[in-house]
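Reader: I am in my first year and would like a close look at a single part of this model. Please take me through the paired strands and the contacts that go with them.

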Amino acid sequence: MDNIVSESLSVLPVKRKNGAYSLRLCVSQGQLTIGMLKNLTETMAEFNLTSLRATTGQRMNLEGIPEGKLDAVVASLGVGVTKAPPGMSVCTGGGICIYGKQETRDIADKVLDLVEENGPYPYKVKSGVSGCKMACGLSFVRDIGLVGGPKGWDVYFGGAATRNAGVGVQLGKNVTEDEALAMITKALGFYRESGRKRERPSGTVNRLGKEALLDFMK
Ligand code: SF4
């Protein structure tokens with residue numbers, strides 16, 4: 001099942017300053033299998049590529065691909081070039097981490113589905129899911145943030161880790177998974193209806209005020 005790269009990868013070429021390309025490997029939840037790694041390392045050896053670098057967004061960049069070889073590298077990996085899915089940072093969660101209060105992987109997939117189904121949006125929507133308040137999934141500073149606690153999920157919307165960094169507005173505390181997903185769906189509606197072009201959710205919330213978001217959520 002997991003012996004080929006294409007099962008959970010989409011790729012996006014990114015042009016670099018030196019004219020070469022990086023192939024962004026949009027790995028699902030940052031997880032690489034033996035089969036993926038084998039395929040990647042064989043491709044790297046065949047095309048003499050020496051740099052595979054983890055990104056801050058739990059993806060991988062295969063660097064240094066000459067433009068003329070881009071198609072051949074993509075073919076060797078057995079993947080299709082597509083638009084990258086929305087960004088998602090997921091911590092290891094309660095099934096693995098000794099500090100975790102909630103499992104993160106399933107709900108992260110559901111959040112990603114919600115984001116894709118409810119678009120298009122004025123600009124990017126990135127999410128962070130963390131199994132406890134340590135927030136290794138960067139939940140407090142993502143457009144959508146979920147933080148697991150012993151009694152359920154805390155839900156945040158409109159956080160940012162960019163120039164105007166700030167914690168998102170808390171929409172719910174100790175809510176169930178279904179309640180959290182419903183809140184996220186509604187908050188995405190707020191952003192879709194009120195956001196300006198190329199304005200991230202944090203910009204919309206800051207411009208209109210967090211009360212506007214909270215009123216919309218009622
Ligand atoms: S946020 Fe909590 S559960 Fe997730 S990896 Fe960090 S410490 Fe573990």
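Author: Leu-52 stands opposite Leu-62, a residue of strand S4. This is a predicted model. The two strands involved are S3, residues 52–54, and S4; they run antiparallel and are joined by 3 bridges. The hairpin of S3 and S4 has 5 residues between the strands, and in this hairpin Gln-58 takes a positive phi near 60°.

Strand S4 covers residues 60–65, and 5 of its 6 residues are buried. It is therefore described as mostly covered, since a buried residue is one with under 20% relative accessible area. S4 also pairs with S2, in the antiparallel sense, over 4 bridges. In that pairing, Leu-25 has Met-60 of S4 as its bridge partner.

S2 leads on to another pairing. Strand S1, residues 11–15, and strand S2, residues 21–25, are antiparallel and pair over 5 bridges. Leu-12 has Arg-24 in S2 as its bridge partner. The hairpin of S1 and S2 has 5 residues between the strands, and here Gly-19 takes a positive phi near 90°. As a general point about such elements, side chains in a regular strand alternate between the two faces of the sheet.

Now the side chains that link S3 and S4. In general, side chains of opposite charge can pair when their charged atoms come close. Arg-53 and Glu-63 form a salt bridge, with 3.3 Å between the closest N and O atoms. Arg-53 belongs to strand S3 and Glu-63 to strand S4, so the pair ties together parts that are 10 residues apart in sequence. The two partners differ in cover: Arg-53 is partly exposed because its relative accessibility is 44%, whereas Glu-63 is buried because its relative accessible area is 13%.

Salt bridges occur elsewhere in the model too; the count comes to 9. One of them joins Lys-218 to Asp-215, with the closest N and O atoms 3.1 Å apart. Lys-218 is exposed, with a relative accessible area of 76%, and Asp-215 counts as partly exposed at 48% relative accessibility. Back at the strands, Arg-16, Arg-53 and Glu-63 are joined into one network by salt bridges that share partners.

A further pair may serve for comparison. Arg-200 forms a salt bridge with Asp-143, and the closest N and O atoms are 2.9 Å apart. This pair links distant parts of the chain, 57 residues apart: Arg-200 is in the loop between helix H4 (177–194) and helix H5 (201–208), and Asp-143 is in the loop between strand S6 (127–130) and strand S7 (144–149). Arg-200 counts as partly exposed at 21% relative accessibility. Asp-143, with a relative accessible area of 1%, is buried.

One distance relates the hairpin of S1 and S2 to another loop. Gly-19 and Val-81 are 62 residues apart in sequence, and their C-alpha atoms are 19 Å apart in space. Val-81 lies in the loop between helix H2 (70–77) and S5, and it is partly exposed, with a relative accessible area of 48%.

Technical notes. Residues are numbered from 1 along each chain as its sequence is written. This is a predicted model: local features need pLDDT of at least 70, side-chain atom pairs count only at pLDDT 80 or more; totals for chains, interfaces and linings use all residues. Side-chain values use heavy atoms; hydrogens and water are left out. Two strands pair if DSSP finds at least two bridges between them. Buried means under 20% relative accessible area, exposed over 50%, partly exposed in between (1.4 Å probe, protein chains only). A salt bridge is a side-chain nitrogen of Lys or Arg within 4 Å of a carboxyl oxygen of Asp or Glu.
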